Structure formats: structure tokens, C-alpha cells
Amino acid sequence: MNDNTKDHTAASFAGPPQERLVVPLPEAMALQPVPSCAGSLGAADLSPVGGPGEARAGGSSPAGIPRADWEQLAAQHGTPYFLYDADQVRQRVQAVRNALEGTAQVYYAVKANPNLALLRSLVSHADGVDISSGGELVQAQLAGFDAASMSLAGPAKTSAELEAAIRAGVGCISMESVREIEECARIARRIGMAAHVSLRVNPLQLNRAFGMKMGGRAIQFGIDEEELPQAGARVLALSPWLDFQGIHAYVGSQCFDPAGIVEATRNTLRITRELEQASGLRCSKINLGGGFGVSHGQERRELDLAALAPELLPVLKAHRDTTPWPCTLIFELGRFLTAQAGIYVTRVVSRKASRGKLFLACDGGLNHHLGAAGTFGATMRSNFALCNLSRPQATPRVCSLAGPSCNPTDLLGVDALLPEPAEGDLLGVAMSGSYGLTASPILFLGRDTPAELVRTDGAVVVGRRRHTIADFN
Ligand SMILES: Cc1ncc(COP(=O)(O)O)c(C=O)c1O
């Protein structure tokens, strides 16, 4: 069923030559999973600390990385900067693939981190990509992904974006309304090329296991389950301009309970069967969404793949084995693949006390990392895992990390316990490989954007250079 012929083990950084550090960083610099979020990838030694009472006294040097290396990157690229470990992302992809045992493909959701160097490193490892705009289509193509293994979803795809996707041969364009079905067919007929489409469904079932819910209620995403038969009939009527592929469901993000994922999967497969029986459509691609949860701090463990697999695999296999035609099942994952492979590094500019509380004002904050400040899609603010990269052995102290902006919510850490920082120290915000820079208001207050560095095959490359405000004029 799946394309297992791809090389999922070979190093795959296939892009054009990029600026490389003169001295490749030591192997020990690989970013390691956060202790409390280690999940399936094993030992961790980043020594981040979250809130009061969570510090490991003193702490070892983060991942054994000499202070000099963080400083070397700072000297070359300025601060703040992001560093992503592409090798670790590839390991995460492989861990999910192993857990799924070939029953489903793994697509990477580009929106989580669209950095080009990172995308390039995934081309021969992920089965495809989930994209959500014309811009992400271009970015995924630049990285080297084949359009046939892309799925495009989004509630407001413009006519130009639909046309670009059809012309490129995107494998699955999710139809999110009957209006979009009509528009897509119109464009396909006009340009004389069939559009490969799926129906994105908004299920009746509200799945409470997902922290951020994107289905199961009145919502802008997908076609309501009750209206799916009519939508299916319309797609059928508009063939061959609409080349029907199957069903797409994405009911939410941040699910930590394996039973929630299994329930969402069962429900999508039930909807698929009912549509097939009612309409005669054949679903050969079923995008089951994902929403595998990760913890950014120490409040909980990430979704446990080992617990998920024994419950999920029988459901997937049963569907595949009872489908009379070849049928590809897909999960599209973002943060689960990249979150823990990224760190945001910022320097303490100023240290002060206010009414008994210690504040460290840093040169980066919500303008680069809205999520860490708790204002990007979080239901509740909690500290990301934090560490003092400059002096990990210092005595822990409760402090708050402020960003540079004029907004009181610009806090990278609130009452966090970490080795006591001094002015000039480099601090790290771990779990920053997803929804970081590109999900942040980078033009707010006109500071430079941070460089995004990508560690791949043992060396660090510039995935995106630093920009000044003038670059955006
Ligand atoms: C359609 C779709 N697919 C995939 C994702 C990726 O979600 P996550 O990063 O939580 O895995 C999202 C997130 O919004 C989405 O809307």
C-alpha cells in the first residue's frame, strides 16, 4: 500500500551549498529531548527547568555543550537565534513510521516550521507534506517535495492558490465547502487540467481529547458531516475535472491520550465507509489528521507512541483489509516532529528587581516566539522548558524572563526556577522547533529577526538569515 521504496535512512540534505560553520559543532551538540518530554526518543540532558520546584539543582551543562559553542553561534549570527536539529527531526519521523509499521504514511505539516533547510532535510524521510497556502506550496517545491505527495488544506484558498495547486499537480486538495468544489472545477476546466481533490469533513463528533479543537462544532474548516453526501455527489458530477481522492479530517491539535487519536481515526473511517456506500465514491486516500500532542514545558508527557500503536494499528489494518481497492492512510504531523528539536537562544540585556521579584530582560521575546510567551493558541499560559546556557551550574533562583517589547505579556518565563542568570548570559527556550518565528509578530517594534540555524549531518547551516526592519520595506 505505502511507498516503502524511499530511502528513509540516508542523509538527505540535498539543497544548494549554504554557509557552513568553519568548525562543525561537536556531536554532543545534538539537541536532546527535554527530560519530562523525552517520549520515545530516549535519554535527555538539556537540563531545562520550568517552574518553581522543578529545577535540578545545579544541572549539568546542557547536552554537554560547551558555552563556547553557543557563544560562537552568537558571535557569527547575533542574538537571538533559533537552532533546529534536523537530524533529530528525522529521527522523530522514523519513530512515528516505526510505530505505524507501514499501515499509514507520515506527512509533515509545513506550517509547524517551514524553514527551507529543515524541509530539505526531510525530503527523503517524510512521505509527503501538508501545506496550507500558495506560499507553502512554493516552499515545499523549493525544498524538493513532489507535488503528488502534498495535501493542501485551508478555509480560504484563493482562486490563484487553487490554480497553482492544480497546475503543480498537488496530490490532494481538500475541499472545504461546496462553493470551493464549484470553483475548483471551474478552474480545472478552464486550464484543462484535472484537480485531485478530497473532501475535508467536519465531523459531528466533538473529540474532547484534543486540546485545540478544529472539528465537531460549527467551524470554518471542512464540510459538515451531514452535508457530505451532497458534496460527494457534486464532486462525482464534476468529474473528470475533479479527480476524487478521498477524505480528509483534522479534528484538532495537542491530543495526549492515545484513546482520543484512536477514536478520531475510527470516526473518520466510519464516515469514509458511509460516504462510499451512499455515493459510490472510492476513497483511495484517507488523511486522518493527527494532532499528536507535545508538552512544551514539564507539565505533562507527550503522546506515547508505544501506547498508541497497539490500539491504533488494528483499526488501520481492519480498514485497509476490508477495502476492495488500494487505499493509502495518512497522518499529517507538525509539532510532534519538530517541537523538541528546536531551541531559541536569547541574551540577558538587563537584570533588575521589582517589588521583590527578579526580572531578566532579554533581547528576544514574543516578537520572535509568541508561543513561548503563551499567546499563540495556548489555552493556558505555562513556561516552555528554559535553561541557562552560559552558567548551567549556578544556584537555581526563581526569576521571570521578559522580552524587549512594551507589552506586559512579553514574558518568556514567569516565576521560573533556573540557574541564576547574570547580565550577558545566554538563555535557551527549549521545545521551540515548531510555531516559533513564523508564528510570531516579527515586525512588532522593528527589531532584527533572529537567524534560524539548522544542524544537519553534524554541521550547522543558515536556514534563514537575520533580517533587519529595512528588509521588509
Ligand atoms: C490541517 C492541519 N494539519 C496539520 C496541522 C498540524 O498540527 P500539529 O502541529 O499540532 O501537529 C494543523 C495545525 O493547525 C492543521 O490545521
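These questions and answers walk through a predicted model of one chain and its ligand.

Residues are numbered from 1 along each chain as its sequence is written. In this predicted model, local features need pLDDT of at least 70 and side-chain atom pairs count only at pLDDT 80 or more, while totals for chains, interfaces and linings use all residues.

Student: What is the mean pLDDT of the chain?
Tutor: pLDDT is the predictor's confidence in each residue, from 0 to 100. In this chain 86% of the residues reach 70 or more. The mean is 87.

Student: Where does pLDDT stay under 50?
Tutor: Where pLDDT is low, the predicted coordinates should not be read in detail. The stretch in question has 153 contacts beyond four places in sequence in the model, a contact being two residues whose C-beta atoms, placed from the backbone, lie within 7 Å. The stretch is residues 1-64.

Student: How many helices and strands does the chain have?
Tutor: Helices (H or I, at least four residues) and strands (E, at least two) are DSSP runs, numbered from the N terminus. The secondary structure comes to ten helices and 20 strands.

Student: Which strand and which helix each supply at least two residues of the shell around the ligand?
Tutor: The shell holds 15 residues, and the closest include Ala109 and Tyr250; a residue is near a molecule if its C-beta atom, placed from the backbone, lies within 6 Å of it. The elements that each supply at least two of the shell residues are strand S12 (328-333) and helix H10 (335-338).

Student: Why does Ala341 count as buried or exposed?
Tutor: Ala341 is found in the loop between H10 and strand S13 (342-354). A residue is buried if 20 or more other C-beta atoms lie within 10 Å of its own, exposed if 12 or fewer, and partly exposed in between, with C-beta atoms placed from the backbone. Because Ala341 has 30 other C-beta atoms within 10 Å, Ala341 is buried.

Student: In what sense do S13 and strand S14 (residues 357-362) pair?
Tutor: Two strands pair if DSSP finds at least two bridges between them. Ser354 has Lys357 in S14 as its bridge partner, and Arg355, in the hairpin of S13 and S14, takes a positive phi near 50°. Over six bridges, the sense of the pairing is antiparallel.

Student: Which residue in S16 is the bridge partner of Phe359?
Tutor: S14 also pairs with strand S16 (residues 396-402), in the parallel sense over three bridges. In S16, the partner of Phe359 is Ser400.
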